[in-house]
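Visitor: Please take one part of this model and look at it closely, with the cut-offs behind each term, and then follow the thread to whatever else seems worth setting beside it.

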Amino acid sequence: MLSATLYVIGCSAKNRVSRRLARLREPRYVVSAVVGAAYLYFSFIGRMHFSEGARLGRTLLPALIPTFAGAPSVGGLALLVGALLTLAVPMPSGLLTFSRTDREFLFPSPMSRRQLLFYRQLRSQMGVVIAPVVIALTYPLATPGARVRAFVSVWLVLTICQIFFTGIALSRASLAAPSTRARVIAWLPSLVVAASAIAVVLGVVQAVFTQTLEVDSARAMLRLLVDTCQRGWPRIALWPFTAIAAPLFAQTMPAFILTLAGAIAVYLLILGWVLSADEAFDAVIDTTADAPDRPGRGRVSYKPRHMQWTLALEGRQETPFVWKTLTQVLRAVNRRLLIRVAAVGVWLTVVLVMVAGRARGVTQIAGLFAAFAALFVVFFGPQMVRLDLRQDLQHLELLKTWPVRAGTTIRGQILGPTVVVTTVAWALGAVALVLGTAALPGMTMALRVAGGVALMILAPALTLAQFTVHNAAVLFFPAWITTGSARPRGVDAIGQRMIMLGATWLVLIVAVLPGAMVGGGVWWGFQRVIGPWSLIPAALAGALVMLCEVIVATEALGSVYEGLDLTSVERSQV
């Protein structure tokens, strides 16, 4: 079984490398590969030799890390929180996803379900190993032993998390099993995680009521939490999670080997629990076998829902495109996704509050976080939301049969995702405005409100301009753009994204200049009369100029769209 699995993995890797090398015969792949290799070198390897921060880290970290004896407890708490989130919000397991080739060749073979899981785990190590390798290369401690410890520790944590996710998926399928043994095994992880969480919470509550020192800041609360987790029942209940995180913080090779033994013991326990849930293998794997292929992780599953918004029989021809995009978003967003996003936001806010350690840290950090998140959505949202020609170009033969003008089609394609990105940016901007008093105490109320409103006015214009640039790139260079939901991987794909990102920002800067000049003139004319409130008419003027530019650009792109040949579009590769 092991030799056959390694043979399949080796042949697959050889064929993948051969296909990537064969693509280098085309100039666009060669240029992308060179840019991607340069980016990786200067981002990781070159920074270790030339970065002042790396030299500073090599000097400071050996002195700082040993002073924090509670680091394994903090890592264990983080893993405990992750386990609780996994139980509350189910996450898909990649080990239970089989390709069409696997289903056609391996399922009919005389392989047990445990052997199939073993095969999928070995195949997944190709992807799991990438993150530990990057961390080991960029680890600020330059000693070879430290890099080895970092690689092994991170690899083991990721592998354990992967096996745990698989066990949760199997246990959920076993909750309604007729066998009492299967139901007990299914409830086992929930009981262990819940008992650990209850023990930690009770220990913290007891420590708070018996603490002689006043807990007046987030840092004091963190110290109290770490001290509580290092003694008594909380320490015993948290041991499996602390044992997994302990190798990450070992400073010597003997200490690393000692902590690694505990982490491997926990890994074997989790692996034994997963393998013991054999009654659920058929249900979960057979269900996955009937599912359609997933060529990339970007594939989105849609859930049919009733739409309150029905299209009228007449109106603007851009409206059906907007309706299509909003329907896709509403059918893809579910309660599970919203809980994940909310959990990530709360976790980041809590971490930032603990780092700030101020009495008013919650509102201040939440306001700053909302402001930076809004800016991130405006400037990077169009890179990620591909509900435009980057997705629909693979259906070009269908789009060209519609009785819609080319310029109208392009505007409709960019208006839909613009509405989605702008809505999210406005929601975050509203939170930042409400919490602006605590986030920016040194700024006057008029300047805060006027500046916030001006940025919210500019948000749709900037977003629309970026989507126009992205769709123009699709029409001018269709072979450079990956259509559909698949995401190519490799050095050449990284270089291609870097080239497109740089070109997009360059064109965007040129497109924003006229609007910035007009808006600056309006601000200069009104700022002596109405003060900070002049930012609002300036933003309106700049946004109108960019809107006119978008209309002219979409009309000009219509001729390119009409002349686009179907054979010039590169289809998604599985």
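Guide: Helices α6 and α13 are oblique to each other (neither under 35 degrees, over 145, nor 65 to 115). This is a predicted model, in which local features need pLDDT of at least 70, side-chain atom pairs count only at pLDDT 80 or more, and totals for chains, interfaces and linings use all residues. Residues are numbered from 1 along each chain, and side-chain values use heavy atoms, without hydrogens and water.

Helix α6, residues 113-128, packs against α13, residues 253-276, at an angle of about 135°, the axes being 10 Å apart (helices are DSSP runs, H or I, of at least four residues; axes are fitted to C-alpha atoms over the stretch in contact, with angles from 0 to 180 degrees between N-to-C directions). Their crossing is right-handed (the near helix is turned clockwise from the far one by less than a right angle). From α6, Arg-114, Leu-117 and Gln-121 meet Tyr-267, Leu-271, Val-274, Leu-275 and Ser-276 of α13 (heavy atoms within 4.5 Å). By class, this contact has 5 nonpolar, 2 polar and 1 charged residues.

Beside this packing, there are 4 aromatic pairs (ring centres within 6.5 Å; planes under 30 degrees apart are stacked, over 60 edge-to-face, the rest tilted). Among them, Phe-321 and Trp-402 form a tilted pair, 5.6 Å centre to centre with 45° between the planes. Phe-321 lies in helix α15 and Trp-402 in the loop between α19 and α20, so the pair ties together parts 81 residues apart in sequence. Phe-321 is buried at 4% relative accessible area, whereas Trp-402, at 38%, is partly exposed (buried is under 20%, exposed over 50%, partly exposed in between, with a 1.4 Å probe and protein chains only).

Technical notes:
Helices (H or I, at least four residues) and strands (E, at least two) are DSSP runs, numbered from the N terminus. Ala, Val, Leu, Ile, Met, Phe, Trp, Tyr, Cys and Pro count as nonpolar, Asp, Glu, Lys and Arg as charged, and the others, Gly among them, as polar. Rings of Phe, Tyr and Trp (its six-membered ring) pair if their centres lie within 6.5 Å; planes under 30 degrees apart count as stacked, over 60 as edge-to-face and the rest as tilted.
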